[in-house]
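The paragraphs below go through one structure element by element. They start inside one chain and end at its contact with another.

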Amino acid sequence: MSAGSIWVLPAEAVSPAARLAAEDFLIAEAAMLDERRFDEWIELFTDDVEYIVPVRTIRRVGNGSDIDWESRHYDDNKASLSLRVRRLSTDVAWSEDPPSFTRRVLGNFRYTPGPAATELTVKTNLLLFRSRGTTGDHDLIAGERTDVLRLVEGELKIAKRHVVLDQAMLGTKNLGVFL
Amino acid sequence: MTHVAINVEERLRATVRPETGEIPLFTYADPEVYKLELERIFGRVWLFVAHESELEEEGAFVVRQMGEQSVIVARGDDGEIRVFLNACRHRGMKLTCEDRGVTSYWRCPYHGFTFANHGNFMGTPFERAAYPPDGLDRERLRLIEARCDSYAGLIFATWTREGEGPSLPDFLGDMRWYLDIFAGRARMELLGEAQRWVVPSSWRLPSENFASDAYHTATAHAFLSRLGLVRSVDFGKDGYHVDAGGHGLGMGVHDDDPGSYFPDELEAEYRSRLDDDQLALLHRIKNFHGNVFPNLSFLIPNFIPVDGRLVTGMMLRVWQPMGPDRMQAWSWFLVEKDAPEWWKTLGRRMYVQTFSSGGMFDQDDTEVWEAQTAVAVAARSRSDEVMLDYTMGLDAEPLTDFPGPGTVYAGKFSEAAGRSYYRRWLDLLLEEGR
């Protein structure tokens, strides 16, 4: 075995170009949310998008999964996400007016091809810093995103987003911010 | 003399005047008041702990709270449901730290004291060597147990002993007729685990909101009409306001649009469980909200059209105290067990999108409750009280021809149930009968 062979990617791996495109896309998307460019943001989703945030529970090892997909913090599709965006554009969206200051940090990008030929699955760790008001406090929302990105007419779109949060008892007073 | 110096019971007696619609702001977040609440409300009244659908299997248990105390709600091997303090009788260690499970016993992780799922002490490691010659007294070390009963599938518990306080039916009183409609009209189930989140608010603010406050919907939830999801911003006005003796509710009706909004597939079951008056009322319901004193809220959100069908997402909600200015919200989706799949699926989705941690309504409510609590903390040390106005509907005449019990008013814009909530609250805190 030559010294260089360990650098040969397995056949099913995602190409560096695709990885870079996906990473740039998700980082730009996070910036849109932090900058509250919701009208642009909603255009990043496919019409059949599934946006789900399941509930976590406290379980002993061996007593089943601690993720309950039947119970959800978000259970949204394109129509309801659009409704949330429209709500935020009214002058009666009190929970985010004045808005939270948010900072989304994405890391630990992991890529797998598929599930469809035009799709790429990206897992990332999300740290979402959120501060409101003048108490000097902040909420830190942590979780793992699983995004399915799909190439639609030459552009990347989000076809699925699942976010598993790392709290059974959420430490933020509402999920009035997108994850 | 400043209020800071006087005894909290004296301050409450002097300033809380529910009958004239005057409630002092400091009570929203006062540590001394909170201590009284834990002892004299959460330590005494019937509290919701679980739904029967969660405990169908023998040995099934869930871990819940009564006030700040952790309790285990379990169906024993004998089929009976019991509620235990989640505390080992040896050193007070939590017997279980998970949310739910199925077991025939709990073994304390500290020294191994073991208790059966019906509460009996079963033994401990090397027991005869540690406690010679015969080991420990089985009866004396039984788990501490709360009295437990259920109504319409809702399991309640209280720390008062038999004969010390009211029975559950007496405690629920006039609320039973309405709970029949909300929770007893069909065999119901909680779908999935509770959503839980911490809100920097007094536990009492959402409780009284659900009991009594339909009026805030026109402002706090104005987005609903702004986005064209309801016909007008006063969607919370038409219907009935019910003072059920500290419990309270509001029922929105759609008399301008006849025909039941509930699924036809369930009509036979509704008919078998409700009387004619209850069924007739159900057929007119477009929204339904209330609170069982002190902290169990329930809701049928205003029906909205989804994919050509009218849908709602029913909810059970408990506001668990964590201190004078912090609480946990526990929220469940409740639905008819034998409902058609579309009613469950669309209902759950609507519940999550409207009333939940990320719900479009709940977000705005939590914002308000937090700010009210913060203002109340600051008001505690004022020498003159900030008196709040609870007078809406003070002079309104109750209906005399409404078929349901309680004091019922036409139209949902009233604070009568809020006044009644505070009367019951005050009587319990001051240990005075009504």
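The model is predicted. A convenient place to begin is strand β17 of chain B, which covers residues 296-300. Five of its five residues are buried, so β17(B) is largely enclosed by the rest of the structure. The burial concerns both faces of the strand: B:L296, B:F298 and B:I300 point one way, B:S297 and B:L299 point the other way, and all of them are buried. In a regular strand, side chains alternate between the two faces of the sheet.

The pairing of β17(B) can be followed next. Strand β16 of chain B, residues 285-292, runs antiparallel to β17(B) and is joined to it by five bridges. One position in this pairing is B:H289, whose bridge partner in β17(B) is B:L299. The connection between β16(B) and β17(B) is a hairpin of three residues. Strand β20 of chain B, residues 315-323, also pairs with β17(B), in the antiparallel sense and over four bridges. Here B:L296 has B:V318 of β20(B) as its bridge partner. B:L299 and B:L296 thus each have a bridge partner, B:H289 for B:L299 and B:V318 for B:L296.

Elsewhere in chain B, seven strands form an open sheet with antiparallel pairing, in the order β2-β11-β10-β5-β4-β3-β6. At the edges stand β2 (47-51) and β6 (100-102), each with a single partner strand, so one side of each is left without a neighbour in the sheet. Neighbouring strands of this sheet are turned by 30° against each other on average, direction ignored. For the edge strand β2(B), the partner is β11 of chain B, residues 154-158, and the two run antiparallel with four bridges between them. Within β11(B), B:I155 stands opposite B:A50.

A second open sheet of chain B has three strands in the order β7-β8-β9, again with antiparallel pairing. Its edges are β7 (105-107) and β9 (121-123); each has a single partner strand, so one side of each lacks a neighbour in the sheet. From one strand to the next the twist averages 30°. Strand β8 of chain B, residues 114-116, pairs with β9(B) in the antiparallel sense over two bridges. The bridge partner of B:T114 in β9(B) is B:G123.

Among the helices, α4 of chain B (residues 168-172) contains B:P169. Is B:P169 buried or exposed? It has 11 other C-beta atoms within 10 Å; a residue counts as exposed at 12 or fewer, so B:P169 is exposed. Leaving aside neighbours within four places in sequence, B:P169 is in contact with B:Y151 and B:R176. B:Y151 lies 18 residues away along the chain, and its C-alpha atom is separated from that of B:P169 by 7.6 Å.

The last topic is the contact between the chains. Chain B and chain A each bring 33 residues to it. On the side of chain B that touches chain A, β13 (195-199), α8 (223-226), α11 (341-354) and α12 (362-379) of chain B each supply at least two residues. Which element supplies the largest share of this side? It is α12(B), with six residues. By class, the side of chain B that touches chain A has twelve nonpolar, ten polar and eleven charged residues.

Note on methods. Residues are numbered from 1 along each chain as its sequence is written. Chains are lettered from A and ligands numbered from 1 in the order in which they are written. This is a predicted model: local features need pLDDT of at least 70, side-chain atom pairs count only at pLDDT 80 or more; totals for chains, interfaces and linings use all residues. A residue is buried if 20 or more other C-beta atoms lie within 10 Å of its own, exposed if 12 or fewer, and partly exposed in between; C-beta atoms are placed from the backbone. Two strands pair if DSSP finds at least two bridges between them. Axes are lines fitted to C-alpha atoms, for helices over the stretch in contact, and angles run from 0 to 180 degrees between N-to-C directions. Two residues are in contact if their C-beta atoms, placed from the backbone, lie within 7 Å. Ala, Val, Leu, Ile, Met, Phe, Trp, Tyr, Cys and Pro count as nonpolar, Asp, Glu, Lys and Arg as charged, and the others, Gly among them, as polar.
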